[in-house]
Amino acid sequence: MPQPYRGVFPVVPTIFHADGALDLEGQKRAIDFMIDAGSEGLCILANFSEQFVLTDEDRDRVMQVALQHVAGRVPVIVTTTHFATHICAERSRRAQDMGAAMVMIMPPYHGATIRVGEKGIHEFFRRVSDAISIPIMIQDAPVSGTTLSAPFLARMAREIANVSYFKIEVPQAAAKLRELIELGGDAIIGPWDGEEAITLMADLDAGATGSMTGGGFPDGIRQTTDAWFAGDRIGAMDAYARWLPLINYENRQCGLLAAKALMEEGGVIRCGAPRAPIAPLHPATRAGLIEVAKRLDPMVLRWGK
């Protein structure tokens, strides 16, 4: 597959039956829809995939089904985050062996208070990098509670062979992307944004070359990024303005359940429920999401009907 990877790589939700069991046929349909809707790549087993409610056996089943079903149609990023260095390295090696194009990893953390300093984080990523030969994307997000400065990220990009992509989803993401690119130079192969594209336009202005969004409407996100990469900034701004209400509704109201609610509404999947203890969307919140989406006519509302 051509590198560097760039464009829209949404997170694939993990699909469950109403009783919480994995729905692997629904998983395949979600993947097919996301590819048909213009995803230039996919990410599985991320936080927006509810990775924290999956057993190790669940992870392996989802990864195997997803990678086999994608069958090389688009590159797939596998999230392999774990606090233990050797477990993260083993997860990453297994993902590579099964066909992952890249792994995405958060810095090691546990709960609200257990953190690792820069020396330990550097060693963690060095050892994971030594175990594989595919790129590593560092996920820089508030959920880890770990501050990763732009100078530190740039240093790891220069010093650790496979550390070359960065998903920046902290406050003032554009400023951090700009600083990271300036400090890291050619070592920063993939400066990406995340957080459901809520900062997409500013991040593209800052030099982002990829966006990891929710999985519900990659066709809408593509309208912004396609225009931007074609040199049509005005067209990108207009597209972003159209889709921003839906992006905002996902980011601020629905979170990780937005994509599944949209897929359920459009007949892509049968059940949009999360796995306990995550609460389902309130009916009024779900209705608001669908109302905003219908004004935009995204593929997700038509694909399965």
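This passage describes two pockets, a strand pair and two residues of a predicted model.

Residues are numbered from 1 along each chain as its sequence is written, and side-chain values use heavy atoms, with hydrogens and water left out. Since the model is predicted, local features need pLDDT of at least 70 and side-chain atom pairs count only at pLDDT 80 or more, while totals for chains, interfaces and linings use all residues.

The largest pocket (on a 1 Å grid over the protein atoms alone, an open set of points where a 1.4 Å probe fits, with protein on both sides within 12 Å along at least five of seven lines) has a volume of about 390 Å³, taken as the space filled by probe spheres set on the points, which are joined across faces, edges and corners. Its lining (residues with an atom within 4 Å of a point) holds 21 residues, and Asn 47, Phe 48, Gln 139, Glu 169 and Glu 196 are the closest to the centre. By class, the lining has 11 nonpolar, 6 polar and 4 charged residues; here Ala, Val, Leu, Ile, Met, Phe, Trp, Tyr, Cys and Pro count as nonpolar, Asp, Glu, Lys and Arg as charged, and the others, Gly among them, as polar.

Gln 139 deserves a look of its own. This residue is found in strand E7 (strands are DSSP runs of at least two residues, helices of at least four, H or I, numbered from the N terminus). Gln 139 counts as buried because its relative accessible area is 5% (buried is under 20%, exposed over 50%, partly exposed in between, with a 1.4 Å probe and protein chains only). The side chains of Gln 139 and Glu 169 are joined by a polar contact of 2.7 Å (a pair of N or O atoms within 3.5 Å; within protein, one must be able to donate a hydrogen and the other to accept it, and residues adjacent in sequence count only if both atoms are side-chain atoms). Leaving aside residues up to four places away in sequence, Gln 139 also touches Met 104 and Ile 105, among others (heavy atoms within 4.5 Å).

Those two neighbours belong to strand E4 (residues 102–105), where Met 102 and Met 104 on one side and Val 103 and Ile 105 on the other are all buried. E4 pairs with strand E3 (residues 76–79) in the parallel sense over 3 bridges (pairing needs at least two DSSP bridges), and Thr 79 stands opposite Met 104.

Ala 131 lies in the loop between helix H4 (118–130) and strand E7 (136–140). Ala 131 is buried because its relative accessibility is 18%, and its contacts include Ala 89 and Arg 93.
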